[in-house]
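Here is a small set of exercises to work through with a structure viewer open. Try each task yourself before reading its solution.

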Amino acid sequence: NKNQLIILNGLQTLSGGLSSQLSEYINNGGNLTIFPPEANMDINSYGQFLSANGVNSYVSQNKSSNMQVKSYNRDHVFFQNLFEKENPGVNLPKTSFYYQIGGTYSSKQVVLLDFYNGSPALSLYPVGAGKVYLSAIPLAANVSNFKRNWILVTSALRMAEMSYPKKPLFFTIGGTEYPSLIDKGFNKEVNFEISNGQSSIIPISDRSKAGSISLIDALGGDGNSIIKSAGVYDLKYDGESIDQLAYNFDRKESIMTFTESIEALEGKLINLNLKNLHIQEAKEINDLISSIENEKNKEYWKHCLIAALLFLGLEILIIRLWKQ
């Protein structure tokens with residue numbers, strides 16, 4: 001399945017076949033969001049599927065005249081950097097019907113939205129290489145205003161954004177970080193290819209981590225990268241481009257290091273057997289300029305100018321004498 005995010009909205013029951021496919025999808029890196037139906041939910045079928053994947057289950061249906069979401073998890077990355085400023089009086093969803101999510105609470109559970117009674121309204125569970133988002137509130141307009149509330153739009157966009165695997169802006173040639181992608185059932189007999197139009201390589205496909213594939217472009221894992229040129233490369237599978245990868249050289253020459261003292265610097269330079277070396281300590285830039293001016297070596301430009309004039313005169317004299 002090439003979809004990064006699947007949303008189940010109001011589905012009353014989960015068949016065994018669908019549960020099996022969804023479990024495989026999640027563990028291989030897919031993301032699943034569940035919004036329960038407002039009525040006639042088969043709690044047992046949901047419970048079997050959720051429990052099999054280490055997710056807390058729906059345990060009961062609850063009616064309330066005015067159950068309101070109390071807050072969202074400001075500390076979690078899911079809601080970070082979304083708002084220019086916090087508004088403590090922000091309007092959050094209300095519902096007259098919700099599901100109690102409980103049992104033995106999973107240690108993997110991250111509560112994103114919670115009710116005033118402490119029950120989770122929306123939770124996140126890492127499962128395999130993917131994630132499950134579990135809502136306690138139906139989206140049906142006759143029981144809640146969840147689908148008309150700003151927090152749903154924000155959450156849905158965030159779910160979609162976080163569904164795509166993150167990758168660095170570029171990979172360092174000869175580095176130890178390699179491209180990885182979600183294993184969507186790629187045929188092991190078909191090789192991946194990294195190409196920039198001028199050259200191409202067949203990377204080593206490391207499938208040791210469940211649900212993902214690392215593409216190692218080094219020989220023997222010793223940092224001897226097969227890729228030698230910086231630039232943007234196409235990642236191809238079975239001849240079709242499926243992604244783009246940027247490679248660049250490291251920036252070691254730009255790294256600035258500082259010494260603690262003049263003595264420590266002198267010790268390091270002595271070990272390098274450098275000759276004609278003098279270290280000048282200055283606290284201010286003006287002091288450094290003054291010290292350089294005061295310790296200038298002899299100026300030889302005047303001597304060179306005089307020598308040039310002498311040789312010029314000598315050349316003229318030789319030419320005249322030669323004609324005679």
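The exercises below go from the whole chain to its sheets, its cores and one residue, and they concern a predicted model.

**Exercise 1. Take stock of the whole protein: how many helices and strands are there, and what percentage of the residues is buried?**

Solution. Start with the secondary structure: the protein has six helices and 17 strands. Next, turn to burial: of the 324 residues, 33% are buried. Then look at the surface, where about 21000 Å² is exposed and carbon and sulfur atoms supply 52% of that area. Finally, consider contacts between residues at least 6 apart in sequence: 63% of them join residues at least 24 apart.

**Exercise 2. Trace the seven-stranded sheet: in what order do its strands lie, and which strands stand at the edges?**

Solution. Step one is the order. The seven strands run E1-E2-E7-E6-E5-E3-E4 in an open sheet with mixed pairing. Step two is the edges. Strand E1 (5–9) and strand E4 (94–102) each have a single partner strand, so one side of each lacks a neighbour in the sheet. Step three is the twist: ignoring direction, neighbouring strands here are turned by 30 degrees against each other on average.

Now zoom in on one pair. E3, residues 57–72, pairs with E4 in the antiparallel sense over eight bridges. As a landmark, Ser60 has Gln100 in E4 as its bridge partner. To finish, add the helix: H1 (residues 16–27) packs on this sheet, touching E1, E2 (31–35), E6 (120–127) and E7 (130–135). The direction of H1 makes about 145 degrees with that of E1.

**Exercise 3. Do the same for the five-stranded sheet: which strands stand at its edges, and where is its hairpin?**

Solution. First, read off the order, E8-E17-E16-E10-E11, in an open sheet of mixed pairing. At the edges stand E8 (171–172) and E11 (200–201); each has a single partner strand, so one side of each is left without a neighbour in the sheet.

Second, compare two pairings. E16 (residues 231–237) and E17 (residues 240–248) run antiparallel and are joined by seven bridges, whereas E8 and E17 run parallel and are joined by two bridges. On the parallel side, Phe171 stands opposite Tyr247 in E17.

Third, find the hairpin. E16 and E17 form it, with two residues between them. Approaching the turn, Lys236 stands opposite Ser241, and Tyr237 stands opposite Glu240. In the turn itself, Asp238 has a positive phi of about 55 degrees.

**Exercise 4. Map the nonpolar cores: how many residues does the largest one have, and which have the most contacts inside it?**

Solution. Begin with the general expectation: in soluble globular proteins, nonpolar side chains tend to be buried together. The largest core here has 45 residues, and those with the most contacts inside it are Leu32, Ile34, Tyr58 and Leu113. Strand E6 gives the largest share of this core, five residues. Then take Ile34: beyond four places in sequence, its contacts include Leu8, Tyr46, Phe49 and Tyr58. Lastly, a second, separate core of 15 residues includes Ile173, Phe186, Ile194 and Leu215.

**Exercise 5. Is Thr33 buried or exposed, and which residues is it in contact with?**

Solution. Locate Thr33 first: it sits in strand E2. Its relative accessible area is 0%, and buried means under 20%, so Thr33 counts as buried. Setting aside neighbours within four places in sequence, Thr33 is in contact with Leu5, Ile6, Ile7, Leu8, Tyr133 and Met159.

Conventions:
Residues are numbered from 1 along each chain as its sequence is written. This is a predicted model: local features need pLDDT of at least 70, side-chain atom pairs count only at pLDDT 80 or more; totals for chains, interfaces and linings use all residues. Side-chain values use heavy atoms; hydrogens and water are left out. Two strands pair if DSSP finds at least two bridges between them. Helices (H or I, at least four residues) and strands (E, at least two) are DSSP runs, numbered from the N terminus. Axes are lines fitted to C-alpha atoms, for helices over the stretch in contact, and angles run from 0 to 180 degrees between N-to-C directions. Contact means heavy atoms within 4.5 Å. A nonpolar core is a set of buried Ala, Val, Leu, Ile, Met, Phe, Trp, Tyr and Cys residues joined through side-chain atoms within 4.5 Å. Buried means under 20% relative accessible area, exposed over 50%, partly exposed in between (1.4 Å probe, protein chains only). Accessible areas come from the Shrake-Rupley method with a 1.4 Å probe; for residues, only the protein chains shown count as cover.
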